[in-house]
Amino acid sequence: MTKRVVLIGHPVAHSLSGAMQQAAFDDQGIDATYEFWDRPPIELGDAIVELRGDDYLGANVTIPHKERVVPLVDRLTEEAHATGAVNTITKEGRRLVGHNTDVPGFRIALDRLVGKQKMPRLAVVLGAGGGARAVVYGLITEGFQRVVVFNRHLHRAEGLVKHFGRSASHMELRAMPWHESIIEAELAKTKVLINATSIGLVDDQAPVPGELIPPDLLVLDLIYSRTRFLRDAEAAGCTVSDGEQMLLHQGAAAFTLWTGKPAPLELMQQKLKEARAGGVRSAEGEPAGDAATPATEGAPTGAAAPD
Ligand code: NDP
C-alpha cells in the first residue's frame, strides 16, 4: 500500500518541503506520497483524527497549527514539549507522536554559521513566534548564557520567557521592548543576532535599520532568502546565513523519523534550490526565488495541493 505523509497548514498550496520530501521518498525507494492539506483551524481536529488511519506514515505541521496541534497528539518528544510546538508527527500504531525538528534544524544552522569559532554565549533574538521558540530552546540547550528576545508585542516575548522559565533557570533569558535604542544597546553587547520575525518575507523590509548592526556579529535570518536584513548585516561586516540549512535539516530529521532511513541530504538540498528557483513557496512562507527565473528542467514548479 502506498503510504501517505501530509503537510497540514493554512494555506499550503505550494511547498518547498513537498519538493524535497517527495524526491527523498522516490530516491530511497519508499512507496509514499507527500500531500498538502490546507486546513483552517476549525478542521485541524478532524485532520489529526484521519492521520490515525493505516495508510498514513505521519505528517508535517506548519503555520498556523504548530502550537494548536500539541494537545491533539498522544505523546510529545522533549523538544516538542519544551517548545510547546509540533512540526512533525509520527505514528506508533494508531498513536500519534509530536516532534519539533525545527530545533535540530536550527542547531545545525547555528553550527554552520559559527564554523570553527568557539560557540558564543550571547545572543539577541528578534521575534517571539513558533520559529523563535525553536531558536531560543536551541540556544538554551547549546549553553548560551544570555539571550535577549525583542518582539513587537512585548507580551508575546514575555510569554516566551515565562514558558522557558525552568529550562532557562541557569542562564539569563530576557524579554525587551522593541525600541531601536534598546536594540542598539543590546547589539553592542552580543555576538549572535537572529531574525525570527517574518519581516522581509514578502517585501524588502528589514527588522532593524542596517546602521544599528555592529560589525563582526554572526547573523542568521530564518527566512530562506537573501533578505535586506542579511544584506545590511553583510555590508556592516558580519558573517551571515539564511534559513536554508534550518529548513533542509528540519526536513531531513522528519524524513528519518518517518522512514527510519538517513535522509539523502544532497538531493534534498538540490530539490529545495530547484523548487525555489521555480517559484515554489514554502508552507513556512519562505519567499520563492525570482519567479522570472526558469525552473531547472524536471523541477517542481509549484503544483497545486492535491486536495
Ligand atoms: P509566527 O507567525 O509564529 O511569528 C511571526 C513573528 O514575526 C512574531 O514575532 C511577530 O511579532 C513578528 N512580526 C511579523 N510581522 C511583524 C512586523 N511587521 N513588525 C514586527 N514584528 C513582526 O511565525 P514563525 O515564528 O513560525 O515564523 C517566523 C519566520 O521564521 C517566518 O519568516 C518563517 O518563514 C521563518 N521560519 C523558518 C524556518 C526554517 O526552517 N528556515 C522554520 C520556522 C520559521 P508579533 O508577535 O508582535 O506579531
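**Helix packing and sheet architecture**

In this predicted model, helix α4 (residues 102–114) and helix α5 (residues 130–141) bring their axes within 9 Å of each other, crossing at roughly 65°. The crossing of α4 past α5 is right-handed. On the α4 side, the contact is made by Asp102, Val103, Phe106, Arg107 and Leu110, which meet Ala134, Val135, Tyr137, Gly138, Leu139 and Thr141 of α5. Sorted by character, the residues of this contact comprise 7 nonpolar, 2 polar and 2 charged.

Attention may now turn to the sheet. Six strands form an open sheet with mixed pairing, and reading across the sheet gives the order β2-β1-β3-β5-β6-β4. Its edges are taken by β2 (32–38) and β4 (75–76), each of which pairs on one side only. Further in, β1 (residues 3–9) runs parallel to its partner β3 (residues 56–61), and 5 bridges join the pair. A handy place to look along this pairing is Val6, which stands opposite Ala59 in β3.

Two helices can be placed against these strands. Helix α1 (residues 16–27) lies across β1, β2 and β3, and its direction makes an angle of about 160° with β2. Helix α9 (residues 244–259) lies across β1, β2 and β3 as well as β5 (88–92) and β6 (95–99), running at about 10° to β5. Strands β1, β2 and β3 are thus crossed by α1 and also by α9.

Technical notes
Residues numbered from 1 in each chain as written. Predicted model: local features only at pLDDT ≥ 70, side-chain atom pairs only at ≥ 80, totals over all residues. Heavy atoms only, no water. Pairing = 2+ DSSP bridges. Helix = DSSP H or I, 4+ residues; strand = E, 2+ residues; numbered from the N terminus. Contact = heavy atoms within 4.5 Å. Axes fitted to C-alpha atoms, helices over the stretch in contact; angles between N-to-C directions. Left-handed = near helix turned anticlockwise from the far one by under 90°. Nonpolar A, V, L, I, M, F, W, Y, C, P; charged D, E, K, R; others polar.
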